[in-house]
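Okay, thanks everyone, let me get started. I'll put the sequence and the structure up, and then we can walk through it together.

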Amino acid sequence: MNRHHSLIAAGILALGVIIGGYLLGDGLRRARMADRSVTVRGLAERDVTADLATWTVAYTEQGTELGAVQSAIGEDTRAITDFFRQAGFRDEDVTSAGVGVNQWYDSNRGVNTVTVRRRLQLRTNDVMKARAAFGRQFDLIRAGVAIEEGSGMVYSFTKLNEVKPAMIAEATKDARRGAEQFAEDSGTSVGGIKQATQGYFSIGARDGEDSGSGNDSPFQKVRVVTTIDFYLD
């Protein structure tokens, strides 16, 4: 009876060793498989048109008497608002973006110099109308408004969240195509995603239209690069 029990115990022990060895080997195999992965980058680009135009017009008048300079800056302001009305914009599309007054007395010459600087800002979703008006800005100079350097137009694309999901999907597909090509060359196949980094969305001018800032053209390009680790089977 004791011998029978000993045989059973030995059989159970042997079976345990076999199962343990299998599980250990399978675990090592899985660990090696988990280490087999490839890191690729996926790119997605989309041409968009800006839906917001912001034009800040800065202008200055200078003289020796504050009242006279204020009167001159008022005439400039009326000329600018009339210009925007004639271009088809509403009065509420144009707002004050700041005003500054500086006085300096030259004791050697006995001259008081007053400088008044003001900024008006056009903000509109009618981007093409704003672009056409910007192209006629020399009309303001002919009207006597000394527009300062830097009074440029800024075009913005504000609907990024609407295109993000589709672009992330496109970038992921592009990354998988790269992983599949790598897998084919190495005699393996692509599995699931091990790790993914979305990347940064950037908006700039389209190719051939980049003048440096990327937002001085209404015709823009949205770009995102994703970094994805794929398992290799």
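I'll start with the overall layout, then go to the aromatic rings, a helix, and a few strands.

One thing up front: this is a predicted model. So, the layout. We've got five helices and eight strands. If you read along the sequence, the pattern goes α-β-β-α-β-β-α-α-β-α-β-β-β. The protein has 233 residues, and 30% of those are buried. Now take the contacts with a separation of 6 or more: 78% of them involve residues 24 or more positions apart. As for the surface, about 14300 Å² is exposed, with carbon and sulfur atoms supplying 51% of that.

Okay, the rings. How many aromatic pairs are there? The count comes to five. Let me show you one of them, Trp55 with Phe84, which is edge-to-face, with 5.5 Å centre to centre and 90° between the planes. Trp55 sits in strand S2, residues 52-63, and Phe84 sits in helix H2, residues 66-86, so this pair ties together parts that are 29 residues apart in sequence. And Trp55 and Phe84 are both buried.

Stay on Phe84 for a second, because its ring also pairs with Phe89: the centres are 6.2 Å apart and the planes are at 80°, so that one is edge-to-face too. Are these two buried or exposed? Phe84 comes out at 1% relative accessibility, so it counts as buried. Phe89 has a relative accessible area of 6%, and that's buried as well. Zoom out a little and you get one aromatic cluster, made of Trp55, Phe83, Phe84, Phe89 and Phe134. There's also a charge here: Lys129 lies over the face of Phe89, 5.5 Å from the ring centre.

Right, on to H2 itself. This helix has 21 residues, and at 1.5 Å a residue they should span 30 Å; the end C-alpha atoms are 30 Å apart, so that agrees. Which residues of H2 are buried? Going along the helix, they're Val69, Ile73, Gly74, Asp76, Thr77, Ile80, Phe83 and Phe84. And what do they pack against? You've got strands S2, S3 (94-106) and S4 (111-124), plus helices H3 (127-134) and H4 (138-142). After H2 comes Gly88, which has a positive phi, near 100°.

Since S3 and S4 just came up, let's look at those. They run antiparallel, joined by 11 bridges. To give you a register point, Thr95 has Gln121 in S4 as its bridge partner. The two strands form a hairpin with four residues between them, and in the turn Gly110 has a positive phi of about 70°.

Now S5, residues 153-156. You'll all know this, but in a regular strand the side chains alternate between the two faces of the sheet. Here you can follow that by eye: Met153 and Tyr155 point to one face and are buried, while Val154 and Ser156 point to the other and are not. S5 runs antiparallel to S2, with four bridges joining them. And this brings back our tryptophan: Trp55 stands opposite Met153 in S5.

Met153 deserves a closer look. It's at 6% relative accessibility, so it counts as buried. What does Met153 touch, leaving out residues up to four places away in sequence? The list is Ala53, Thr54, Trp55, Ala130, Arg131, Phe134, Asn215 and Asp216. Note that Trp55 and Phe134 on that list are also members of the aromatic cluster. You can also check Met153 against Arg123: they're 30 residues apart along the chain, and their C-alpha atoms are separated by 9.8 Å.

Last stop, the loop between S5 and helix H5 (160-186), where you'll find Thr158. Its relative accessible area is 49%, so Thr158 is partly exposed. Leaving out residues up to four places away in sequence, Thr158 touches Asp51 and Leu52. Thr158 and Asp51 are 107 residues apart in sequence, and 6.6 Å apart in space, C-alpha to C-alpha.

That's my tour, happy to rotate the view for anyone who wants another look.

Methods. Residues numbered from 1 in each chain as written. Heavy atoms only, no water. Buried < 20%, exposed > 50% of the residue type's maximum accessible area, 1.4 Å probe, protein only. Contact = heavy atoms within 4.5 Å. Areas by Shrake-Rupley, 256 points an atom, 1.4 Å probe, with all protein chains shown as cover. Phe/Tyr/Trp six-rings, centres within 6.5 Å; stacked < 30°, edge-to-face > 60°. Lys NZ or Arg CZ within 6 Å of the ring centre and 35° of its normal. Expected span 1.5 Å × (residues − 1). Pairing = 2+ DSSP bridges.
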